Amino acid sequence: MKKALLSAAVAAVSVVSSTQAVAAPMSPSSGNVAQYFSPIVQDAFTLLADTDDPLLVYYIPRRGGVAVQYPLSTSPVPRFQLNAYTPFSGFFAYQELTNLNGTLSTTSDLGMLQQLQSEASAQGMYITPAPASKAKTRFLVAGYEVTTGRIDVACTHEFIEVVTPTGAIRQVPVPKCFTRQDPTQPYDLDTNVMYRFTSTNASSGSVVAQDISFQATTLPGWVNHLRFLMATGGQWDHILTAKIDWEIKTQDINRQARFYVNWQVLFERAGIFAAYHANSCVDTEVRTFFEQLVTCGAENTCGLRLEYQQTNGTWGPLAPSGSNPANMVTSVQRRLQDELFNEVRKYTTPVPGQVLDQRTAAFTLRANYDKLSLNKNELIYVTYNPGVTNVSAATTLNISCLLGGFEQGSVTWNMYDAGCRAMLGQP
């Protein structure tokens, strides 16, 4: 049963439903799908609804860690390795360093992914990782933020004069180090960890279920501490963590608005506008007319008064927060343009050598006697989309639960710790 559940959870990473071709994550202001899940799941994931499919839930993990192969076996294999070595040349010749490399995964906490899948299935829902328009990866190495994905330390010796108790003057070598990425800032060998560090970055324009890898060489003096961590399965937060900042483009659901129209006043206003443009408006001028019209709040003065449906179901002149005014103008223009203007297209015969026909359009005032005969205001309902909004979310990647390495060879997962087993979805 547990294997089937995990398979369903992992398969959800690559699920693409037929509705997703046109659907998109919904803005939290339009639909709070997280309320249907337990507090522990809400703590582990940022959850978003879908604009079209009420059963689809997008997730962004808040925490990740080391990628693991064969997570349900008795001997899971972390994608991580480290060993000590002693160089015989270079600035740190004959000093013990540590080489390490690994892969971090945003979906490494399979136990919580199981829980999310289980709670979603119980409600007839299914899950998929959210699409991210942007992703920014930052590694934090012993307090040193690596935004370029690279640390490359260059060191030289400076000599200072020291007077001994006997009065003799000695030249004492002092290391002076900088990173090649920023040669203006000193790199302290006593507080920093890495001598060399390179990493990949999470990809923008993809889903949030991703792996990122790194390779590193530590400075001298860290080997014994790393041996202790690998003997106890301890946390690496004070040495190395990573954070991915995601930007998710979300859509609001269509909202409703209504406007009162005084047709006689509206046609007078349209006539004055058309006359100002020689009774032949181009498309941008017609757009300007409707932009001015929407901002007017009195139908007996401007011909139109617009009201928005508020989140509590009432109607008012102020658009709900997050609404895109341009989309509202488009909705009003789409509804009223053919009532006010005639579109006259002009066809120009192409001359030899031209590839495309040239078509232009002009708009003239329409003599709409049906509407002009109305002596009362008319109420018209329209729908509009507030537009795209950006939702920010983050995934923090931690290293823990690792044993072995160094002389023991391969790194293993700490199966003696219940918390580590739970991360793999094992009891």
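# Exercises on a predicted structure

The structure holds one cavity of 30 Å³ or more. The model is a predicted one, in which local features need pLDDT of at least 70 and side-chain atom pairs count only at pLDDT 80 or more, while totals for chains, interfaces and linings use all residues. Residues are numbered from 1 along each chain as its sequence is written, and side-chain values use heavy atoms, with hydrogens and water left out.

## Exercise 1: the cavity

Find the volume of the largest cavity, the residues that line it and their classes.

*Solution.* Begin with the term: on a 1 Å grid over the protein atoms alone, a cavity is a set of points where a 1.4 Å probe fits but cannot get out, and lining residues have an atom within 4 Å of a point. The volume is the space filled by probe spheres set on the points, which are joined across faces, edges and corners, and for the largest cavity it is about 70 Å³. Next, list the lining, which is made up of A44, F45, P61, R63, T106, T107, S108, D109, M112 and L113. Finally, sort by class, with Asp, Glu, Lys and Arg as charged, Ala, Val, Leu, Ile, Met, Phe, Trp, Tyr, Cys and Pro as nonpolar, and the others as polar; the lining then has five nonpolar, three polar and two charged residues.

## Exercise 2: the two sides of helix α4

Determine which residues of α4 are buried, and which exposed residues lie on the face turned away from them.

*Solution.* Helices (H or I, at least four residues) and strands (E, at least two) are DSSP runs numbered from the N terminus, and α4 covers residues 223-232. Buried means under 20% relative accessible area and exposed over 50%, with a 1.4 Å probe and protein chains only; in α4, V223, L226, L229 and M230 are buried. They lie on the same side of α4 because they cover an arc of only 120 degrees around the axis, taken from the directions from the helix axis to the C-beta atoms. The face turned away from this buried side carries the exposed residues N224, F228 and A231. With contact meaning heavy atoms within 4.5 Å, the buried residues pack against β6, β7, β17, β27 and β28. Just after α4, G233 takes a positive phi of about 75 degrees.

## Exercise 3: the setting of G205

Locate G205 and state which residues it touches.

*Solution.* G205 lies in the loop between β15 (194-199) and β16 (206-207), and it counts as exposed because its relative accessibility is 66%. Leaving out residues up to four places away in sequence, G205 touches A132 and S133. The C-alpha atoms of G205 and S133 are separated by 4.5 Å, although these residues are 72 residues apart along the chain.

Technical notes. 1 Å grid on protein atoms, 1.4 Å probe; cavity = no way out; pocket = protein on both sides within 12 Å on 5 of 7 lines; lining within 4 Å.
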